[in-house]
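Biologist: Got a minute to go through this one with me? I'd like to talk about rings, cysteines and the core.

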Amino acid sequence: MPRRSGLLLLLLCTMPPSAFAQQAPDPASLNETERLGQKLFYQSCGVCHTKPQITSAQFGPVLSKASAGGSAETMRTTIENGTPRMPGFRYQFDTSQIAAIVTYLRTLPEPPASSKNTQEKTP
């Protein structure tokens, strides 16, 4: 048994980070609005919608261009007004900042089925 666990540990250590987490687009490929959205997302949304470490919990669903059925309007409304489990951000962000977050989210690829949060449906 110890030999198998050592092999598993070796495999986990050599796997690329993309095997565990959704990859954000290369910042150099983003336009100014998308970079602003990325900055705001990681400052305010990332605490619940990303999983910075393998052992950390993730409280909200993984977000991507497919979130909210792919509807930019639904994404915007959800960010502004929140959900029963998520606060609204209409008082923290102005409409252009919320639009920037939506624009950034629409650059994120849909996560693999294994990394989707099954406990909560995407708004």
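Modeller: Sure, let's take those topics in turn. Keep in mind that this is a predicted model.

Biologist: Rings to start with. How many aromatic pairs are there?

Modeller: The count comes to four aromatic pairs. Take Phe41 and Tyr42: their ring centres are 5.1 Å apart and the planes sit at 85°, so that pair is edge-to-face.

Biologist: Phe41 and Tyr42, are they buried or exposed?

Modeller: Phe41 is buried, at 3% relative accessible area. Tyr42 is partly exposed, at 41%.

Biologist: And Phe41 with Tyr104, what kind of pair is that?

Modeller: A tilted one, with 5.8 Å from centre to centre and 45° between the planes. That angle is over 30 but not over 60 degrees, so neither stacked nor edge-to-face applies.

Biologist: Where do Phe41 and Tyr104 sit in the chain?

Modeller: Phe41 is in helix α2, residues 32-49, and Tyr104 is in helix α4, residues 95-105. They're 63 residues apart, so the pair links distant parts of the chain. Phe41 and Tyr104 are both buried. Taken with Tyr42, the ring pairs make a cluster of Phe41, Tyr42 and Tyr104.

Biologist: OK, switching to cysteines. How many disulfides do you get?

Modeller: Zero disulfides.

Biologist: Why is there no bond for Cys45?

Modeller: The closest cysteine sulfur to that of Cys45 belongs to Cys48, and it's 8.8 Å away, too far for a bond. The cut-off is 2.5 Å. Seen from Cys48, the closest cysteine sulfur is the one in Cys45, again at 8.8 Å.

Biologist: What about burial for Cys45 and Cys48?

Modeller: Cys45 counts as buried at 10% relative accessibility, while Cys48 is partly exposed at 32%.

Biologist: Now the core. Which residues of the largest nonpolar core touch the most other members?

Modeller: Phe41, Ile79, Phe93, Ile101 and Leu105, out of 17 residues in that core. So Phe41 turns up here as well as in the ring cluster.

Biologist: Which elements give two or more residues to this core?

Modeller: α2, α3 (72-81) and α4. Of these, α4 gives the most, with five residues.

Biologist: Last one: what does Ile79 touch?

Modeller: Leaving out residues up to four places away in sequence, Ile79 touches Met86, Pro87, Gly88, Phe89 and Arg90, and further along Ile98, Ile101, Val102 and Leu105. Ile101 and Leu105 are also on the list of core residues that touch the most other members.

Technical notes:
Residues numbered from 1 in each chain as written. Predicted model: local features only at pLDDT ≥ 70, side-chain atom pairs only at ≥ 80, totals over all residues. Heavy atoms only, no water. Phe/Tyr/Trp six-rings, centres within 6.5 Å; stacked < 30°, edge-to-face > 60°. Buried < 20%, exposed > 50% of the residue type's maximum accessible area, 1.4 Å probe, protein only. Helix = DSSP H or I, 4+ residues; strand = E, 2+ residues; numbered from the N terminus. Core = buried A, V, L, I, M, F, W, Y, C linked by side-chain atoms within 4.5 Å. Contact = heavy atoms within 4.5 Å.
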